[in-house]
Amino acid sequence: MFSKPIFKQSVRSNGLLWLVITLVACALLSNFIIRFDPEDFNALSSAAEGTSFGSVLSGFGSILGTLETFYKMIAILLGLVYIIFSANNLVVNEVDSGSMAYTLSTPIRRSTVIFTKMFYMIGSIVLMFAILTGVGLGVSELSHHNVSGTPMTEDVEAAADAMDRKPSYVRKHLYMIKDDKYAVQAGAEARKMDQDSYKQYLDQAIMRDSYKKAADKLTDNRQDKYSDSDKDKDDIEITEKELTDDPKLMMKDNDALEAGAKVTGQNVNEYRNSVNDQIKENKDKKKNDPNDKLPASPTVILSTAQTAGAKTLNTSESNIEDNMSLLKDDKAIEAASKATKVPEDQLKTLIDTSQVNSALKSDKSLEFDVSTFVWLNVGACLLILGMGSISFFASTLFNRSNRAMALGAGVPFAFFLISLVIQQSDNLENLKYFSLTTLYKTDEILSNGDFGIPLLILGGIAAVLYGASAVIFCKKDLPL
């Protein structure tokens, strides 16, 4: 059922195209990852909101959201180019040119010929996306250090350099930065923040990391406790967000407290007191939210303040938005306070909060979930296998290349164009029933939703069409 000579001939005739497509895909994916900047892409996503490109660029605020765009458009387009030409070359082109007659004049069976060519087609697609997955993981780790652990940000690298420490060590012990004034200065400059707001950011980042470690330990202990129960994984797992919203969940678990304390550089008792303080602070904020007394929403106030500050400092609003600490200049804050009718101290608090939230959001956008990235590649691979099965089916159905190309290229490209049209308008949602691309639910993959059944359907379609191709080729009359 397998012929080495035919397989080698398939590699020779299609290998160069496969190599070019794979290298181009890897280069473009690497460029997406390396050039990802949280602030720039967040601004791009916000600017596109409400436009025809809003749905396409909505995920640009995170690195995986940016890669979703790559896989929904570029990876599919490159994959289509490969499957259309390779499917055509593998079967119908040989029939049309007469070389298939020579092949079948040998003792090799038709079933062996078509199985070997099908094996090459499927194997080359799987190998392409396996390489793409490996390259994506490697480049993301080298660029952002976010595959093996928590992302490495510019301020950590700058602070580590100021302390003459390894960045990887400092990232795991952020409290070291707070204890070194030169590290604080370097980190604040890298983040484009003043030192006061940067210290506030460090406090929240340290607490965030400690809650993550504590949540992981809580989940491990709960899994041991409920291992024999009927509880679902979601019922057992304690996420960082759940623990942040309700820190009391860890107060009776010494293992979780110890895991969290290690991140902060405190002992367990000190950390327990910090958590209690956080619980009290959260209660006070709910009772007395200072934003309730503001003349407008914080967003409107800061926008007005930026306009007033930019005019006073004779600079652009985009420059102020890029570095909010400029607003705390004496003249700028005075002008902003008059324009917003908010006291200077309260306005400075809003500015600090805005900078801290922006920095925390930037950190989150660099987070890289390996399983999600792998599923993006698996889904794209299954989609291209499904599209490829159409091209391969057409290649076995017809004896002329032009006819096979019309069906084998026309249908997959039509599916791709339909997906692009759907992204531009919600009014064309019903078109999703006429395209295989809608079975590749990248939004569900990113949100850890229900994407398994559509991918199984894609795999089933590919299996049926490849199987039908083999039957047709073995039974049809060929112009030999």
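The protein carries 50 positive and 60 negative side chains. The centres of the two sets lie 6 Å apart. These values, like the rest below, come from a predicted model.

The overall fold was examined next. The secondary structure consists of 24 helices and zero strands. Along the principal axes, the C-alpha atoms fill a box of roughly 90 × 60 × 45 Å. The protein has 480 residues, and 44% of them count as buried. Its accessible surface comes to about 24900 Å². Carbon and sulfur atoms account for 55% of that surface. Contacts between residues at least 6 apart in sequence were also sorted by separation. Of these contacts, 70% join residues at least 24 apart.

Two helices were checked for length. Helix 7 covers residues 110-144, which makes 35 residues. At 1.5 Å a residue, helix 7 should span 51 Å. The expected span is 1.5 Å times one less than the number of residues. The end C-alpha atoms of helix 7 are 51 Å apart, so the model agrees with the expectation. Helix 12 gives a similar check. Its 31 residues, 195-225, should span 45 Å at the same rise of 1.5 Å a residue. The end C-alpha atoms of helix 12 are 45 Å apart, which again agrees.

The start of helix 12 has a cap. D194 caps the N-terminal end of this helix. A side-chain oxygen of D194 lies 3.1 Å from the backbone nitrogen of D196. Further along, D216 is found in helix 12. D216 counts as partly exposed, because its relative accessibility is 36% and the partly exposed class runs between 20% and 50%. D216 and L90 are 126 residues apart along the chain. Their C-alpha atoms are separated by 51 Å.

Backbone angles were then considered. Most residues other than glycine have a negative phi. Three residues with a positive phi are described here. D164 has a positive phi of about 60°, although it is not a glycine. D164 lies in the loop between helix 8 (154-163) and helix 9 (167-172). With a relative accessible area of 71%, D164 is exposed, because the cut-off for exposed is over 50%. K192 also departs from the general pattern. Its phi is near 60°, a positive value in a residue other than glycine. K192 sits in the loop between helix 11 (181-191) and helix 12. At 39% relative accessibility, K192 counts as partly exposed. H145 takes a positive phi of about 55° just after helix 7.

The loop between helix 7 and helix 8 holds both G149 and T150. G149 is partly exposed, with a relative accessible area of 38%. T150 counts as partly exposed too, at 39% relative accessibility. G149 and D369 are 220 residues apart in sequence. In space, they are 9.8 Å apart, C-alpha to C-alpha. T150 and N269 are 119 residues apart along the chain. The C-alpha atoms of T150 and N269 are separated by 26 Å. Neighbours within four places in sequence aside, T150 is in contact with H145 and R171. H145 is the residue noted above for its positive phi.

Two serines were examined for burial. S86 is placed in helix 4, which covers residues 63-90. Its relative accessibility is 0%, so S86 counts as buried. The cut-off for buried is under 20%. Outside its neighbours within four places in sequence, S86 is in contact with N14, L17 and M121. S3 lies in the segment before helix 1 (4-34). S3 is buried as well, with a relative accessible area of 7%. Leaving out neighbours within four places in sequence, S3 is in contact with I108, T112 and T116.

Key
Residues numbered from 1 in each chain as written. Predicted model: local features only at pLDDT ≥ 70, side-chain atom pairs only at ≥ 80, totals over all residues. Heavy atoms only, no water. Helix = DSSP H or I, 4+ residues; strand = E, 2+ residues; numbered from the N terminus. Buried < 20%, exposed > 50% of the residue type's maximum accessible area, 1.4 Å probe, protein only. Contact = heavy atoms within 4.5 Å. Areas by Shrake-Rupley, 256 points an atom, 1.4 Å probe, with all protein chains shown as cover. Lys, Arg positive; Asp, Glu negative; His and termini not counted. Charge placed at Lys NZ, Arg CZ, Asp CG, Glu CD. Polar contact = N/O pair within 3.5 Å; in protein donor to acceptor, adjacent residues only side chain to side chain.
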